[in-house]
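Hi everyone, thanks for coming. I'd like to walk you through one model today, so let's put it on the screen.

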Protein chains: 2
Amino acid sequence: MQDAVDRLTPLGVMVLALLREGDMHPYEMMRLMRARRDDRLVAITNGTMYHTVGRLERAGLLAEVGVDREGNRPERTTYTVTDAGYSAVIEWVRRELPRVDHPAEFRIALAEAHNLARDEVVSLLRTRRDARASVKSEIATGLRTAAAKGVPTQYLLELEREESLLAADLEWLDRLIRRLEDEEFPWGALAPTTRYLEQRKAARL
Amino acid sequence: MQDAVDRLTPLGVMVLALLREGDMHPYEMMRLMRARRDDRLVAITNGTMYHTVGRLERAGLLAEVGVDREGNRPERTTYTVTDAGYSAVIEWVRRELPRVDHPAEFRIALAEAHNLARDEVVSLLRTRRDARASVKSEIATGLRTAAAKGVPTQYLLELEREESLLAADLEWLDRLIRRLEDEEFPWGALAPTTRYLEQRKAARL
DNA sequence: CGATGTATAGTCCATGTGGACTAACCAACC
DNA sequence: GGTTGGTTAGTCCACATGGACTATACATCG
């Protein structure tokens, strides 16, 4: 099932993670994800959602648990996540969290990092920090040599921005790692809050 | 030709912009772009490159200028950018530079901003700054209400990061706008440097 | 009351993407 | 000196994406 992880799309990961909160039909997933503004992280369209769910089912990462119908409305097929599906999420996060190319994937990995143990998250993020720092020095030397060779600044704006944002990212990352190392920082499974249950109910039906 | 701009992919824009520097065949474009690390901004693969060039040609944004062959090697088809192609780049940058969704497109628009007049760039970036600032306040209130409702921090890591990076982006953006407003800041067309010509020659053949 | 609009739940298809493949050439290796 | 490996230049195809489309139900507004 290792290659199942390779073929996971960002939306696929979020769907599997979402289904951990309870069985749902695709349309409910879309609404919940939009309500939570998960569309900041991944494009959510009808076509992609239903196609993604179909693929995940064929891969055995989720399974149908029932079809119901209300009046003359279209059928609603409800899905649940399988064990293989949930461990695929874990594997995926494990792979994407330290990686420095693929900024979009990292944001999703970070958003789903709570599925991993705190210690593992810390070590994955340390790896990322080091890789990110070396990218930063590459960009810095790139800018220096470009300046030395007389490349006009107007061609370097994007690279300068990258350097600025990278510095901010490193500061944020260091701070997060320090917080996670502190035992006071809460981490781990929690009982569903009433607020969460209300949100689910509002999105259902 | 307005809808031609709508259908431009990021790689398409970069190809058209690149062809302004001289006629090339697709394989040379790939090498030059990789040498310049344009693959930081857009994925460059064989399939997508040749397909993209084909589409641009059908749209009249670039045109074949000759086919040559060396020995028994595959033919090399050389392309040039049309007037419609170059103005499509301008239009595309004009549209993407102020926009705050689509971070990947913005990086490309910024990298190609030198194709626009400095005054226009300043005004587009001002628009972007305001939009970006309002996103920042939305995120800030989102974090406040989440904290008030007792959402555990481990679910908010990605949002916190977004807030940090947004702050850094706004600082960078303000600084860039101030620099561009200064008449001392150089802007405009330049004669090709010898360094540039050497780079081209190294990538050709 | 009929018209307009929107939410629900989903299908379908044209395009775009990325990776595998080809096939010739050149270089190094030991 | 044959064989492995990389470069050149490009084709081809399976799959993912996103947007248009369908069809029912419910609300609302003059």
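Let's start with the protein–protein contact: chain B gives 25 residues to it and chain A gives 25 residues, where two residues are in contact if their C-beta atoms, placed from the backbone, lie within 7 Å. On the side of chain B that touches chain A, helix H6 (103–111) and helix H8 (157–181) of chain B are the elements that give two or more residues. H8(B) has the largest share there, with nine residues. Sorted by class, that side of chain B holds 13 nonpolar, six polar and six charged residues.

A quick word on what you're looking at. This is a predicted model, in which local features need pLDDT of at least 70, side-chain atom pairs count only at pLDDT 80 or more, and totals for chains, interfaces and linings use all residues. Residues are numbered from 1 along each chain as its sequence is written, while chains are lettered from A and ligands numbered from 1 in the order in which they are written.

Helices (H or I, at least four residues) and strands (E, at least two) are DSSP runs, numbered from the N terminus. For the classes, Ala, Val, Leu, Ile, Met, Phe, Trp, Tyr, Cys and Pro are nonpolar, Asp, Glu, Lys and Arg charged, and the others, Gly among them, polar.

Now, the DNA. Strand C is surrounded by 27 residues, and Asn46(A), Gly47(A), Ala43(B), Gly47(B) and Asn72(B) are the closest; near means a C-beta atom, placed from the backbone, within 6 Å. H4(B) supplies the largest share of that surface, six residues. Six nonpolar, 13 polar and eight charged residues make up the surface near DNA strand C.
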